[in-house]
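Open the model in your viewer and keep the selection panel at hand. The stops below are meant to be followed in order, each with something to select and something to look for.

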Amino acid sequence: MNTPADRQPVVLITGAARRLGAAIARHFASHAWRVAIHCRHSLPEAQALFAELGGSAKGHLLLQGDLLDEQFAENLLPQVLAAAGHLDCLINNASEYQRRPLKDISRMQLQADYAINFTAPFFLMQSFRHHCRNGNIINILDQSISKTDPGGGAYAMAKKSLRDATEACALEWAPEIRVNAVAPGLVLPPPGVSMEKMQRLLPRVPMQAAVNLADICRACLFLAETNSLTGQIIYTDGGLHLHNGDLGEKSRRQ
Ligand SMILES: NC(=O)c1ccc[n+]([C@@H]2O[C@H](COP(=O)([O-])OP(=O)(O)OC[C@H]3O[C@@H](n4cnc5c(N)ncnc54)[C@H](OP(=O)(O)O)[C@@H]3O)[C@@H](O)[C@H]2O)c1
């Protein structure tokens, strides 16, 4: 963590009002971290989470803005530093999942997929490098970076670029800044997709189960607090990244 023992560490989590981001925020807060909760549209959920964690009395922060707004994104870390005094960890969690066949994808859609899933997190990483003397960054990826996902659109391609940036920056920014990633598998269905539809995919998962949110939270905290780790990608996916189709089902039948 590289923080003096008497100083409470601070984590900034993007897109933290709901779902995975909110679970990670709760986990870090329960382990004595101060949490800067970032949200865009989900302000009521973010305010409820901020209150649940104890609000400013516990040293938590709440920030709202669109990460595609360059001015907001550039000012985000300076804002956190001005209010919190220091920042020890950035978790790039905000994302947008769109499934669209590459044969039909427009230039605008391709740019939009890259903007939120690669460009915005990359420049937050760079901002962390410029503004924080030391600390660590965790990028939330997706197990789909390990394979080719036809029809998966540009989401997976952008996450693969973020995986490459994780490794490149880990090497370039050591020893001051550690950069790691967590690559979840099937956790929660994307907005608009039913839980039943996601459950139909579970037979493909070697461990035959959806990923527990708590596992992702623990992986993030482990990376944040383990000083020897950099350039690591932890797949929290029940082994899904190990095959590229129905190999799991085939091997079980043998
Ligand atoms: N869910 C899964 O099963 C799964 C599987 C593999 C990987 N992952 C990865 O895990 C992370 C979290 O997943 P999730 O399903 O919880 O994510 P999500 O609900 O799809 O999105 C998280 C948040 O991102 C924020 N966001 C999107 N566009 C933004 C923008 N332009 N500016 C600022 N914030 C923006 C949204 O904030 P507001 O609501 O405030 O607008 C949203 O609540 C993502 O990186 C995702 O790729 C998830």
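Select N139 in this predicted model, and display the C-beta positions around it: 25 neighbours lie inside 10 Å, and since 20 or more are enough for a residue to count as buried, N139 is classed as buried. The residue belongs to strand β5, and, once its neighbours within four places in sequence are left aside, N139 is in contact with N92, P121, L162, T166 and A181. For a sense of distance, add E52 to the selection; E52 and N139 are separated by 87 residues in sequence and by 25 Å in space, C-alpha to C-alpha.

Two of the contacts of N139, L162 and T166, lead to the next stop, for both are among the buried residues of α5. Select α5 as residues 153-173 and colour its buried positions, which also include G153, A154, Y155 and C169. Against which elements do the buried residues of α5 pack? They pack against α4 (107-131) and against the strands β5 (135-140), β6 (177-184) and β7 (233-236). A distance drawn between the end C-alpha atoms of α5 reads 31 Å, in agreement with the 30 Å expected for 21 residues at 1.5 Å a residue.

Next, select the largest nonpolar core, which has 67 residues, and highlight V11, I24, A25, V35, I37, V182 and C220, the members that touch the most others. Helix α5 is the element that gives the most to this core, contributing eight residues. In soluble globular proteins, nonpolar side chains tend to be buried together. Centre the view on I24, whose contacts, not counting residues up to four places away in sequence, are I13, A16, I91, N93, C217 and C220.

Now turn to the ligand and select the 26 residues that surround it, among which G15, R19, R40, S95 and V187 are the closest. Colouring this shell by residue class gives 14 nonpolar, six polar and six charged residues, while colouring by element shows that helix α1 (residues 19-30) supplies the largest share, three residues.

Finally, zoom out to the whole chain, where eight helices and seven strands can be traced. The radius of gyration is 18 Å, close to the 18 Å that the globule rule gives for 254 residues, so the chain is as compact as a globular protein of that length. Its C-alpha atoms fill a box of roughly 55 × 40 × 40 Å along the principal axes, and 40% of the 254 residues count as buried.

Conventions
Residues are numbered from 1 along each chain as its sequence is written. This is a predicted model: local features need pLDDT of at least 70, side-chain atom pairs count only at pLDDT 80 or more; totals for chains, interfaces and linings use all residues. A nonpolar core is a set of buried Ala, Val, Leu, Ile, Met, Phe, Trp, Tyr and Cys residues joined through C-beta atoms within 7 Å. A residue is buried if 20 or more other C-beta atoms lie within 10 Å of its own, exposed if 12 or fewer, and partly exposed in between; C-beta atoms are placed from the backbone. Helices (H or I, at least four residues) and strands (E, at least two) are DSSP runs, numbered from the N terminus. Two residues are in contact if their C-beta atoms, placed from the backbone, lie within 7 Å. A residue is near a molecule or strand if its C-beta atom, placed from the backbone, lies within 6 Å of it. Ala, Val, Leu, Ile, Met, Phe, Trp, Tyr, Cys and Pro count as nonpolar, Asp, Glu, Lys and Arg as charged, and the others, Gly among them, as polar. The expected span of a helix is 1.5 Å times one less than its number of residues. The radius of gyration is taken over C-alpha atoms; the globule rule is 2.2 Å times the number of residues to the power 0.38.
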